[in-house]
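Q: I'm new to reading protein models, and I'd like some help with this one. Could you start with the overall picture and then go slowly through one part?

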Amino acid sequence: MLFAILFCWQFTHFLAISLYLREDYARAGIQAYSVVHGEHRTKIMIAMSMVLLIPTTLILVPMGLASTNYGFAASLLGFLLLGFSLLGFVAPKTGRWARSMFLATVAYLPLLFMALIILGAGEH
């Protein structure tokens, strides 16, 4: 399940990097997602990947691998990051928002795993 969380998280993370460094990738001739598909579609994919990430992190609770307290923390973190991803659609400067989104994904993962460690495993 930890692999599944990391797998889903990486889409949000790397799409934000792709958008943040879009011009650099284009100048280098690297066919990053944002270069090929544009800013708007990349923002849609970031939001969609968050919609996938949230239930992936929460499935640990009904599986008995994490506590309900972790579930609340994971929900809060996930919906905060989803909300931030949606701000990209109204952000006046995509580059600034994309950099912030990238940094938010960097903070999200250790916070999620700290919640899992601190708030404890599920009931067996």
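What share of the 124 residues of the protein counts as buried? After that, please take a close look at helix 4 (39-58).

A: Let's start with your number: 40% of the 124 residues of the protein count as buried. Here "buried" means under 20% relative accessible area, "exposed" means over 50%, and "partly exposed" is anything in between, using a 1.4 Å probe and protein chains only.

Before going further, keep in mind that this is a predicted model, where local features need pLDDT of at least 70 and side-chain atom pairs count only at pLDDT 80 or more, while totals for chains, interfaces and linings use all residues. Residues are numbered from 1 along each chain as its sequence is written, and side-chain values use heavy atoms, with hydrogens and water left out.

Now the overall layout. The protein has 6 helices and 0 strands, which reads as α-α-α-α-α-α along the sequence. Helices (H or I, at least four residues) and strands (E, at least two) are DSSP runs, numbered from the N terminus. Along its principal axes, the C-alpha trace spans about 55 × 25 × 20 Å. Take the contacts (heavy atoms within 4.5 Å) between residues at least 6 apart in sequence: 72% of them join residues at least 24 apart.

On to helix 4. Two of its residues are Ile44 and Met48. Both belong to a nonpolar surface patch of about 540 Å², along with Leu86, Leu87, Phe89 and Val90. Helix 4 and helix 5 (68-87) are the elements that give two or more residues to this patch. A patch is built from residues with over 30% relative accessible area and no salt bridge; like charges are joined within 9 Å and nonpolar side chains (Val, Leu, Ile, Met, Phe, Trp, Tyr) within 5 Å. Accessible areas come from the Shrake-Rupley method with a 1.4 Å probe, and for residues only the protein chains shown count as cover.

Ile44 has 32% relative accessibility, so it counts as partly exposed. Compare its position with that of Leu86: the two are 42 residues apart in sequence, yet 8.5 Å apart in space, C-alpha to C-alpha.

Helix 4 also takes part in a salt bridge, meaning a side-chain nitrogen of Lys or Arg within 4 Å of a carboxyl oxygen of Asp or Glu. Glu39 pairs with Arg22, and their closest N and O atoms are 3.9 Å apart. Since Glu39 lies in helix 4 and Arg22 in helix 2 (residues 22-28), the pair ties together parts that are 17 residues apart in sequence. Both partners are partly exposed, Arg22 with a relative accessible area of 25% and Glu39 with 30%.

The structure holds 2 salt bridges. Arg27 and Asp24 also meet in one, at 2.3 Å from N to O. These two are 3 residues apart in helix 2, so about one helical turn separates them.

Finally, meet a residue from another helix: Thr12, found in helix 1 (residues 2-20). Thr12 is at 0% relative accessibility, so it counts as buried. Leaving out residues up to four places away in sequence, Thr12 touches Ile46, Ser49, Met50, Met101 and Thr105. With Ser49, the touch is a side-chain to side-chain polar contact of 2.6 Å. That term means a pair of N or O atoms within 3.5 Å; within protein, one must be able to donate a hydrogen and the other to accept it, and residues adjacent in sequence count only if both atoms are side-chain atoms.
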